[in-house]
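This briefing concerns the strand arrangement of one protein model and the helices that accompany it. Please look over the sequence and the structure before reading on.

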Amino acid sequence: MKSIKYLLIQARKANDPMIIHEKLCFARALKCEINNIQTKDIIRENINEKDIINTDAVIIGGSGDFSIAKGGSWLNKVLNFMNFLYNNSKVTFASCWGFQAMAKARGGHVINNINQAELGTTELWLNQNGKKDNIFKKLPDKFLAQMGHEDIVTKLPENAILLASSKKVKNEAFTFKNKPIYCTQFHPELNKYDLKKRMKT
């Protein structure tokens with residue numbers, strides 16, 4: 001059986017200890033060898049079409065220092081990358097920061113709101129779309145997930161399909177019609193011990 005090749009897109013400073021931790025967490029969640037995951041930092045490195053073509057699936061993870069809501073000189077580069085994935089129907093999973101980046105790239109709204117920040121284990125529930133979705137329907141109607149964010153997606157892109165919500169935040173997971181792209185505000189690659197490690201680091 002062919003080994004799946006993943007490209008993990010990160011947005012972290014060069015000395016961030018979470019660079020390797022994030023890769024290890026995704027390898028565990030995907031049940032693959034760590035060597036099957038190539039990493040590129042979208043803030044500090046150039047990512048070309050060959051990098052994307054030569055991988056089976058793209059993963060966009062979290063970020064400790066770069067806010068989609070607040071932006072920066074790097075933002076247009078990030079949004080262009082997200083639009084490239086969308087327009088080329090690349091198999092993509094985006095969590096947390098990646099969730100926010102994909103939402104904004106496709107016309108959604110992202111704000112920074114500490115009052116809606118979520119940190120720790122949070123209960124979410126599936127809506128009717130989530131209960132019918134080929135991937136999300138495997139989850140219970142209510143489930144626990146790990147969170148760590150204060151940027152909030154207040155409006156999804158026009159053609160996005162909402163899948164799950166929490167008590168504080170309506171938009172917690174979405175996909176696109178006829179696109180192999182899934183985005184979650186939560187971190188399915190983390191368990192509570194991983195989250196504690198990140199909070200202490």
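The points below take up the sheet, then the helices that pack on the sheet, and then a mostly covered helix. The model is a predicted one. Its nine-stranded open sheet, in which the pairing is mixed, follows the order S2-S1-S3-S4-S11-S10-S9-S6-S7.

**The sheet**

- Because strand S2 (37-41) and strand S7 (142-149) each have a single partner strand and stand at the edges, one side of each is left without a neighbour in the sheet.
- From one strand to the next, the twist averages 25°.
- Strand S1 (residues 6-10) and strand S3 (residues 57-60) run parallel and are joined by four bridges, and within this pairing Leu8 has Ile59 of S3 as its bridge partner.

**Helices on the sheet**

- Helix H1 (residues 18-30) packs on the sheet, where it touches S1, S2, S3 and strand S4 (92-95), and the direction of H1 makes about 145° with that of S1.
- Helix H3 (residues 75-87) also packs on the sheet, touching S1, S3, S4, strand S10 (173-176) and strand S11 (181-184), while the direction of H3 makes about 145° with that of S3.

**Helix H4 and the residue after it**

- Helix H4 (residues 97-105) is mostly covered, with eight of its nine residues buried; these buried residues are Trp97, Gly98, Phe99, Gln100, Ala101, Met102, Ala103 and Ala105.
- Gly107, which lies just after H4, takes a positive phi of about 105°.

How values were computed. Residues numbered from 1 in each chain as written. Predicted model: local features only at pLDDT ≥ 70, side-chain atom pairs only at ≥ 80, totals over all residues. Heavy atoms only, no water. Pairing = 2+ DSSP bridges. Helix = DSSP H or I, 4+ residues; strand = E, 2+ residues; numbered from the N terminus. Axes fitted to C-alpha atoms, helices over the stretch in contact; angles between N-to-C directions. Contact = heavy atoms within 4.5 Å. Buried < 20%, exposed > 50% of the residue type's maximum accessible area, 1.4 Å probe, protein only.
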